[in-house]
Amino acid sequence: MLLYPNCKINLGLRVIRKREDGYHDIETIFLPIYGLHDELEVRPNPNPSLKGRELEFTPEGLTVDCEAEDNLIVKCYRLMKAKYPKVGNVAVRFKKNIPFGAGLGGGSSDAAHMAIALNKLFELGLSQEQLATEVAVLGADCPFFIYNRPCFAEGIGDKLTPIELDMKGIRIVLIKPDEGVSTREAYSGITRHPEVAGQIKSVLCQAKPVCTLLGEAGLFVNDFEETVFPGHPAIAAIKKRLLDAGAFYASMSGSGSTVFGLFKDDSEGRTDARLRMLEEEFASMILLNDTFGEWQS
């Protein structure tokens, strides 16, 4: 079974409050981006010589900065096998294309898609809701990738409400600078905004066009930019360049360091000309320049 774990972006990310457990309550919109994805091939492995080695794991592509046992794919397999006896030995080929430390949720997507693969391969019969519960212990945004459609997220990012967003006629450009940003660094000195709690959900209920929605009274901002940009002026400069090039919305995704811009397609080709200039300027940093496809069910 071959799956393509895709990445996500955040449309706005408001940090509401710090919780007693040390985590933070947030409010954001998770938007799946299918054009940038890893490759995950999972197949049953009946090889009898694998005693004590139930998982054969072969990584390719970008080097992940952790030991194999700390990879979320491996952790997901260990978790599912311990809980569901029907899960057998597997051989996994994994090609990493989504950069880590980028705010794109690549590792969480890999874990979620591994759970989906095991559920199908071994006929576990788990619903999406059950799978989301299982992978939640691996990461706060893992459940999102089980549903893999636009969602309003609250809590620590694990409380999800599917939403409708019409992204037809909109192009996205993803730019990832060489530098990365750790989640710890992004949260350092963060300003919390309890006063905006519930406002994003309220605006979403009005079903406004995306271009209008994202300009709603400065609500759809990423609070992490306040702490990240001073120490990473190159990331701030990318956002400014996207806006200067005509993006109607630009933001850092998650805790960074990827920045994305949203552009309206036009019949006169002005958007295409601006994007060609960006591709030349950021040739080594552009991860994606694409239109939005249909949301998967």
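What share of the 297 residues of the chain counts as buried? The share is 51%, where buried means under 20% relative accessible area, exposed means over 50%, and partly exposed lies in between (1.4 Å probe, protein chains only). The model is predicted, so local features need pLDDT of at least 70 and side-chain atom pairs count only at pLDDT 80 or more, while totals for chains, interfaces and linings use all residues. Residues are numbered from 1 along each chain as its sequence is written, and side-chain values use heavy atoms, with hydrogens and water left out.

The chain has 10 helices and 12 strands; helices (H or I, at least four residues) and strands (E, at least two) are DSSP runs numbered from the N terminus. For 297 residues, a compact globule would have a radius of gyration near 19 Å, and the 20 Å of the chain agrees with this. That radius is taken over C-alpha atoms, and the globule rule is 2.2 Å times the number of residues to the power 0.38. Along the principal axes, the C-alpha atoms fill a box of roughly 60 × 45 × 35 Å. Among contacts with a separation of 6 or more, 73% come from residues 24 or more positions apart, contact meaning heavy atoms within 4.5 Å.

Next come the nonpolar cores, each a set of buried Ala, Val, Leu, Ile, Met, Phe, Trp, Tyr and Cys residues joined through side-chain atoms within 4.5 Å. The largest nonpolar core has 37 residues, and Met80, Val90, Val92, Met114 and Leu118 have the most contacts inside it. Elements that each supply at least two residues of this core include strand E4 (39-44), helix H1 (72-83), strand E6 (90-96) and helix H2 (106-121). H2 gives the largest share, seven residues. A second, separate core has 32 residues, among them Leu11, Ile98, Leu165 and Leu174.

Leu118 touches Tyr77, Met80, Val87, Val90, Glu123 and Leu124, apart from residues up to four places away in sequence. One of these partners, Glu123, lies in the loop between H2 and H3. Glu123 is exposed, with a relative accessible area of 62%, and has a positive phi of about 50° although it is not a glycine.

A positive phi, near 55°, also occurs at Asn148, again a residue other than glycine. Asn148 sits in the loop between H4 and E7 and counts as buried because its relative accessibility is 5%. Tyr147 is found in helix H4. Not counting residues up to four places away in sequence, Tyr147 touches Gln128, Glu129, Ala132 and Leu160.

Beyond E7, Gly157 lies in the loop that leads to strand E8 (159-162). At 1% relative accessibility, Gly157 counts as buried. Its contacts, leaving aside neighbours within four places in sequence, are Ile26, Phe30, Ala140 and Asp141.

The loop between strand E10 (249-252) and strand E11 (259-264) holds Ser255. Ser255 counts as buried because its relative accessibility is 12%. Outside the residues up to four places away in sequence, Ser255 touches Gly103, Val181, Thr183, Ala186, Phe224 and Val228. Ser257 is found in the loop between E10 and E11, and a cis peptide bond with omega of about 15° joins Gly256 to Ser257.
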